[in-house]
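Student: Please take a close look at the interior of this protein and describe how it is put together. I would also like an account of some positions outside it, set in the context of the chain as a whole.

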Amino acid sequence: MTYRIYLRDANQRVTDKTATESKAAALAAFGELVDRAELDGQKLLAVLNQDGKKIAHHNFQAQPGDADHWRGRLDQITWPA
């Protein structure tokens, strides 16, 4: 399994990319992106994929409590079997 974690902007440009085979490293990398509060309000997504399939996307324009706002609740991510 390969996990890919990155920021994607409204023009589909990808930055801050990490690729790993470790679930723990993937979660840590996603958490680091999600915690970047200086990006709040911007048209950006933090993306966590496994083998090309979405696990979670954090929308920096979302509000706490929204399904796509993961800050503070990474323990609720549903991981594929």
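**The nonpolar core and its surroundings**

Tutor: Among contacts in the protein chain with a separation of 6 or more, 42% are made by residues 24 or more positions apart. The model is a predicted one, and every value below is computed from it. The protein chain contains one helix and four strands, arranged from the N terminus as β-β-α-β-β. Its radius of gyration is 12 Å, close to the 12 Å expected from the globule rule for 81 residues, so the chain is as compact as a globular protein of that length. The C-alpha trace spans about 30 × 25 × 20 Å along its principal axes. Of the 81 residues, 42% count as buried.

The interior can be approached through its largest nonpolar core, which has 18 residues. Within this core, the residues with the most contacts are Ile 5, Phe 30, Ala 46, Leu 48, Ile 55 and Ile 77. At least two core residues are supplied by each of strand E1 (3-9), helix H1 (23-34), strand E3 (44-50) and strand E4 (53-59). H1 provides the largest share, five residues. In soluble globular proteins, nonpolar side chains tend to be buried together.

Ile 5 is a suitable place to start. With neighbours within four places in sequence left aside, Ile 5 is in contact with Asp 16, Lys 17, Thr 18 and Thr 20. The contacts of Ile 5 continue through Ala 26, Ala 29, Phe 30 and Leu 33 to Val 47 and Leu 48.

Ala 46, in strand E3, gives a second view of the core. Its relative accessibility is 0%, so Ala 46 counts as buried. Beyond four places in sequence, Ala 46 is in contact with Tyr 6 and Leu 7, then with Phe 30, Leu 33 and Val 34, and finally with Ala 56, His 57, His 58 and Phe 60. Glu 32 does not appear in that description, but its spacing from Ala 46 can be given: the two are 14 residues apart in sequence and 9.7 Å apart in space, C-alpha to C-alpha.

One of the partners of Ala 46 is His 57, a residue of strand E4. His 57 has a relative accessible area of 17% and is buried, because the cut-off for burial is under 20%. In sequence His 57 and Val 47 are ten residues apart, and their C-alpha atoms are 4.6 Å apart in space. Setting aside neighbours within four places, the contacts of His 57 include a run from Leu 45 through Ala 46, Val 47 and Leu 48 to Asn 49. Arg 8, Phe 30, Asp 68 and Trp 70 are in contact with His 57 as well.

Trp 70 takes the description into the segment after E4. With a relative accessible area of 10%, Trp 70 is buried. Not counting residues up to four places away, Trp 70 touches Phe 30 and Val 34, then Ala 56, His 57 and His 58, and lastly Gln 76 and Ile 77. Leu 45 is 25 residues from Trp 70 in sequence and 11 Å from it in space, C-alpha to C-alpha. Phe 30 thus recurs as a partner: of Ile 5, of Ala 46, of His 57 and of Trp 70.

Three loop positions may now be set against this interior. Gln 12 lies in the loop between E1 and strand E2 (14-20); it is exposed, with a relative accessible area of 52%. The phi of Gln 12 is positive, near 70°, in a residue other than glycine. Asp 51, in the loop between E3 and E4, likewise has a positive phi, about 50°, although it is not a glycine. At 45% relative accessibility, Asp 51 counts as partly exposed.

Asp 40 is found in the loop between H1 and E3. It is partly exposed, with a relative accessible area of 37%. Apart from neighbours within four places in sequence, Asp 40 is in contact with Phe 60 and Arg 71. Arg 73 is 33 residues from Asp 40 along the chain, with a C-alpha separation of 16 Å.

Finally, the surface as a whole can be summarised. The protein chain exposes about 4900 Å², of which carbon and sulfur atoms supply 47%. Its 11 positive and 11 negative charges have mean positions 6 Å apart.

Notes: Residues numbered from 1 in each chain as written. Predicted model: local features only at pLDDT ≥ 70, side-chain atom pairs only at ≥ 80, totals over all residues. Heavy atoms only, no water. Core = buried A, V, L, I, M, F, W, Y, C linked by side-chain atoms within 4.5 Å. Buried < 20%, exposed > 50% of the residue type's maximum accessible area, 1.4 Å probe, protein only. Contact = heavy atoms within 4.5 Å. Rg over C-alpha atoms; globule rule 2.2 N^0.38 Å. Areas by Shrake-Rupley, 256 points an atom, 1.4 Å probe, with all protein chains shown as cover. Lys, Arg positive; Asp, Glu negative; His and termini not counted. Charge placed at Lys NZ, Arg CZ, Asp CG, Glu CD.
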